[in-house]
Amino acid sequence: MRLLLLFFSLFSFLLAKDTLTVYSYNSFAGTWGPAKELKEEFEKTCNCEISFIGVGDGVSALNRLKLEGSKSKADIILGLDGDLLEVARSANLVQKHQVMKPELSTEFWSEDFIPYDHGYLAFIYDASKTQDKPKTLKDFIQNADKASIIYQDPRTSILGKSLLLWINKLYPEEAQELYKILDEKTATITKSWTEAYSLFKKGESDFVLSYSTSPAVHLKEGITKYQALIFDDGNYEEIETAAITKNAKNLKLANEFLTFLLSEPAQKIIMNKNIMYTSIKMELPPEFQDLEKVKIPLSYSPKEVLQKQKEFIKQWQNALI
Amino acid sequence: MAKRSYLKFFQQESSLLKSSLGFLALAFILSLIFLALYSIFSFSFAEEASFQLDNYLCSVLYFSFYQALLSTLLSLFFAIILAKALYNLDFYGKKLILKILGASFFLPSLLVISGIFIIYGKNGLLAQIFAFFSWNYKVKIYGLFGILLAHVFLNFPFATKIIYQSLEGISSENRKTAELLGWKFWQNFKFLEAPIILRQSLPLFGLIFMLCFSSFAIVLTLGASPKFTTIELAIYQAIRDFDLKQAGILALIQLFIGLLFLLILTFLSSKKNLVLSFKGEKYKPKISKKTKFFSLLSAFLLLTFIFSPLLALTFQAFKNFSLTFLKVEFFQAFFTSLFIAFSSAALAMFLALLIIISNNNLRKNSKNFLSSLLLLFSSSPLALPNMIISSGFFIFFYSYFGSSKFIILLLIVLSNTLLALPFIIKQLAFPSLFLSEKTKFLCEILGINFFSYLKIIEFSALKKLYLYSFAFSFLLSIGDFGIIAFFGNDGILTLPYYLYELLGTYRENEASFVAFVLLLLTIIIFVFFDEKEENDRAEES
């Protein structure tokens with residue numbers, strides 16, 4: 001009897017596939033995110049099972065990892081950007097990868113985080129309604145109509161936070177004043193990108209803060225009226241990254257997965273679902289080629305972001321109350 | 001003789017046991033709350049974070065009070081007008097309308113917000129009507145106005161229903177006397193109705209104020225600017241930044257304010273006696289043509305305010321319905337939501353029953369202070385931010401047990417249970433007490449024991465009220481969009497969450513379908529269960 005049990009457990013052990021658990025944000029892991037197709041594609045080759053868990057957004061995913069500590073099931077954390085990389089590093093949550101650096105279309109590369117897609121902040125507008133295009137960010141903020149802009153709360157959204165970084169990068173002296181002007185032009189400030197964009201689509205505002213790639217989803221449907229404002233003085237760049245967690249159980253598989261994320265098939269899936277630029281250099285589909293190119297990419301390093309963001313947010317908060 | 005004293009001893013024993021049941025339940029509730037707070041604070045001291053009561057926090061405190069006060073006053077004001085108008089009118093379908101008024105209190109906030117957008121949004125129905133007459137549509141739905149609109153929408157119909165019921169409670173004799181005295185509208189209102197409305201308004205004021213004070217989803221969507229931030233929202237932001245110390249201290253501030261409020265309310269409402277109002281034809285005084293006209297007008301306007309978003313939503317759902325909406329995900333979300341709502345309602349009912357049994361027993365033994373204490377503390381979850389309860393649980397379970405579907409489900413059920421409990425107790429405590437006092441001697445004479453009492457008397461006399469309370473907590477849980485939004489779903493999909501996901505991915509048609517299902521579910525459950533006014537209503541007098 002005991003022998004039989006032993007045999008069974010051995011047998012099931014041999015049959016059991018390796019599993020890889022990936023923490024990512026909801027819209028990545030959710031019903032319409034890239035996770036489903038990525039899973040199918042990766043499982044074709046690895047004889048493993050991969051499970052995506054959607055944990056709110058990047059910040060929540062990181063918080064959850066912090067909370068769970070060594071009990072976490074996560075092998076990969078996916079969806080961190082900006083200062084979150086630095087937070088994850090300083091909390092000792094991630095480790096070095098062994099992925100070969102491919103030919104990238106973005107500057108970013110590090111020994112722990114790999115970039116899996118990137119994009120540029122841009123205000124999207126309906127070109128059939130608004131004709132004149134402002135040349136600079138300041139121009140835009142100053143000349144927009146009252147209650148015509150929707151952007152995301154810097155305290156809850158990476159986009160909102162990046163907007164503050166963008167303003168500070170370009171106009172460090174005038175930031176406070178610009179916030180006040182922006183406030184007059186604001187229709188609402190939403191918690192995350194999703195609400196902002198759906199409100200914009202419902203016609204609740206003329207402009208919405210999103211990515212320069214957002215019009216691609218409409219171009220694919222044959223709608224050309226939604227366009228991104230590309231400014232002469234630059235658009236802020238956002239890079240989404242993934243890393244192996246400190247407590248990852250299967251390092252080999254984790255590294256394979258990160259390598260897979262940088263392969264052409266995976267990049268294509270991510271591009272089409274996330275509507276962002278690929279991080280590797282590759283041929284883009286027509287709807288992406290038709291997009292207006294960003295003139296000057298702007299960014300702070302993750303370390304700088306971590307140092308400055310609290311102060312920026314406080315400044316913004318005080319300008320608005 | 002010996003047998004008798006034994007019996008007496010046993011009765012005393014069981015009386016003690018009955019009294020302690022509720023405290024057992026209370027201990028369970030309080031330990032859950034303690035657990036939540038403890039987890040947050042224990043984690044926060046491991047982190048380096050500082051708490052400052054700066055300008056920003058002062059403005060948050062101020063705004064929380066300000067918007068709650070305004071929302072409450074407006075809700076009550078409109079409720080009194082509509083209740084009075086409905087009282088004056090008689091028309092087909094009035095009963096159904098009253099039921100739906102009660103149901104609107106439970107509409108998931110996501111649903112309310114989408115309904116409000118359809119009507120008041122920049123491209124909404126009103127804007128289109130304005131555009132048709134080429135008027136300038138200037139309604140700014142974000143900010144204070146939108147928050148007030150949504151809060152009034154959620155709370156005023158419910159208040160209307162309660163106030164309407166108390167108007168109905170005015171005895172026929174009084175009405176007839178008033179008519180004989182030739183009282184006019186104002187005299188009627190001042191001497192007959194106002195005192196009753198006022199008495200009913202105090203607990204209503206408290207309830208609505210508390211709900212608006214700790215409002216989250218609405219302030220998050222319609223007011224999200226530092227200008228329009230409530231404490232609950234500030235807590236949410238603090239937890240997100242993992243600034244748990246700040247979150248914990250804010251939670252304590254809210255708890256303190258909430259408890260203070262509950263205490264005041266308990267003090268205000270404890271002096272009342274209870275009488276049952278009887279079923280039967282009520283005498284309705286005749287009203288003048290002018291009064292009738294104004295009643296019609298105000299009822300029409302206010303009912304339009306309530307029903308237009310709901311009808312618009314329904315219309316949109318039907319217009320765009322497609323069979324492809326009936327996906328696996330939809331059914332998964334549907335049944336998960338039902339499961340969560342059922343479990344938390346059942347658990348909440350069980351805990352409430354224990355507390356109510358104890359309360360009856362304490363009152364019977366004239367331990368009024370203990371009874372008040374029991375009721376006050378079992379309402380304490382109402383004072384504590386839901387955010388803190390859920391995130392506290394979450395932190396506790398995750399740091400000790402790791403994550404699993406089971407744990408997440410358990411957390412959702414527990415936090416919803418705590419949320420529903422104060423409402424159930426408020427519903428059941430007084431009628432149950434009244435019943436137990438009324439049947440005290442009867443039970444003693446007939447020697448009815450505890451379980452038969454529950455079966456024969458309590459559950460059959462208050463059957464509808466129990467069903468209603470169950471439906472109440474069921475609906476509170478089914479629309480919940482707290483914890484799951486916070487920490488991710490681990491593959492658990494509920495209807496509100498699914499709705500949120502759909503809205504976020506531009507699937508507006510599908511979203512309106514899911515919103516409609518939620519609406520239908522709410523109304524059906526409410527219409528079927530809300531029968532209490534027919535039979536066992538206990539009126540305060």
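1. Ser64(B) lies in helix α2 of chain B, which covers residues 55-88. As this is a predicted model, please take what follows as a reading of computed coordinates. Ser64(B) has a relative accessibility of 0%, so it counts as buried. Beyond its neighbours within four places in sequence, Ser64(B) is in contact with Phe213(B), Thr229(B), Thr230(B) and Ile231(B). On the polar side, a polar atom of the Ser64(B) side chain is 2.8 Å from the backbone oxygen of Val60(B). If you want a distance to check in your viewer, the C-alpha atoms of Ser64(B) and Ile249(B) are 16 Å apart, with their positions 185 residues apart in sequence.

2. A few words on chain B as a whole. Its secondary structure comes to 23 helices and 2 strands. Of its 541 residues, 58% are buried. Contacts in chain B that join residues at least 6 apart in sequence are made up, to 83%, of pairs at least 24 apart.

3. Helix α6 of chain B (residues 144-168) is worth a look. The 25 residues of this helix should span 36 Å at 1.5 Å a residue, and the end C-alpha atoms are 35 Å apart, so the two values agree. Even so, α6(B) has a kink of about 30 degrees, centred on Val152(B). What encloses α6(B)? Largely the rest of the structure, because 22 of its 25 residues are buried.

4. Helix α14 of chain A (residues 302-320) makes a nice companion case. With 19 residues, α14(A) reaches 26 Å from first C-alpha to last, close to the expected 27 Å. The bend here is about 45 degrees, at Lys308(A). The buried residues of α14(A) are Pro302(A), Val305(A), Gln309(A), Phe312(A), Ile313(A), Trp316(A), Gln317(A), Ala319(A) and Leu320(A). An α-helix has 3.6 residues a turn, so residues three or four places apart point the same way. That background may help when you look at the buried set, which includes Val305(A), Gln309(A), Phe312(A) and Trp316(A).

5. Now the interface. In total, 47 residues of chain A are in contact with 51 residues of chain B. About 4500 Å² is buried between the two chains, and carbon and sulfur atoms give 52% of that area. Within chain A, the residues that lose the most area to chain B are Trp32(A), Leu67(A) and Arg155(A), together 19% of what that side buries.

6. The polar side of this interface can be counted too. Between chain A and chain B there are 2 salt bridges, and the rule finds 3 residue pairs in polar contact, with both residues at pLDDT 80 or more. On the side of chain A that touches chain B, the elements giving two or more residues are β2 (48-54), α4 (58-68), β7 (186-190), α9 (193-201) and α14.

7. Which residue of chain A does Lys227(B) meet in a salt bridge? The partner is Asp183(A), at 2.7 Å from N to O. This pair crosses between chains, running from the loop between α9 (217-222) and α10 (231-240) of chain B, where Lys227(B) sits, to Asp183(A) in helix α8 of chain A. Are the two residues buried or exposed? Lys227(B) counts as partly exposed because its relative accessibility is 31%, whereas Asp183(A), at 16%, counts as buried.

8. Over all chains, the whole structure has 19 salt bridges. Among them, Lys138(A) and Glu174(A) meet at 2.7 Å, N to O. This pair links distant parts of the chain: Lys138(A) belongs to helix α6 of chain A (residues 137-143), and Glu174(A) to the loop between α7 (158-170) and α8 (175-184), 36 residues apart. Both ends count as partly exposed, Lys138(A) with 24% relative accessibility and Glu174(A) with 29%.

9. One more pair to inspect is Lys96(A) with Glu111(A), a salt bridge whose closest N and O atoms are 3.8 Å apart. These residues are 15 apart in sequence, and each lies in the loop between β4 (94-95) and β5 (114-126) of chain A. Lys96(A) is exposed, with a relative accessible area of 55%. Finally, Glu86(A), Arg89(A) and Asp112(A) are linked in a salt-bridge network.

Conventions. Residues are numbered from 1 along each chain as its sequence is written. Chains are lettered from A and ligands numbered from 1 in the order in which they are written. This is a predicted model: local features need pLDDT of at least 70, side-chain atom pairs count only at pLDDT 80 or more; totals for chains, interfaces and linings use all residues. Side-chain values use heavy atoms; hydrogens and water are left out. Helices (H or I, at least four residues) and strands (E, at least two) are DSSP runs, numbered from the N terminus. The expected span of a helix is 1.5 Å times one less than its number of residues. The bend at a residue is the angle between axes fitted to the seven residues ending there and the seven starting there. Buried means under 20% relative accessible area, exposed over 50%, partly exposed in between (1.4 Å probe, protein chains only). Contact means heavy atoms within 4.5 Å. Buried area is the accessible area (1.4 Å probe) that two parts lose on being put together, summed over both. A salt bridge is a side-chain nitrogen of Lys or Arg within 4 Å of a carboxyl oxygen of Asp or Glu. A polar contact is a pair of N or O atoms within 3.5 Å; within protein, one must be able to donate a hydrogen and the other to accept it, and residues adjacent in sequence count only if both atoms are side-chain atoms.
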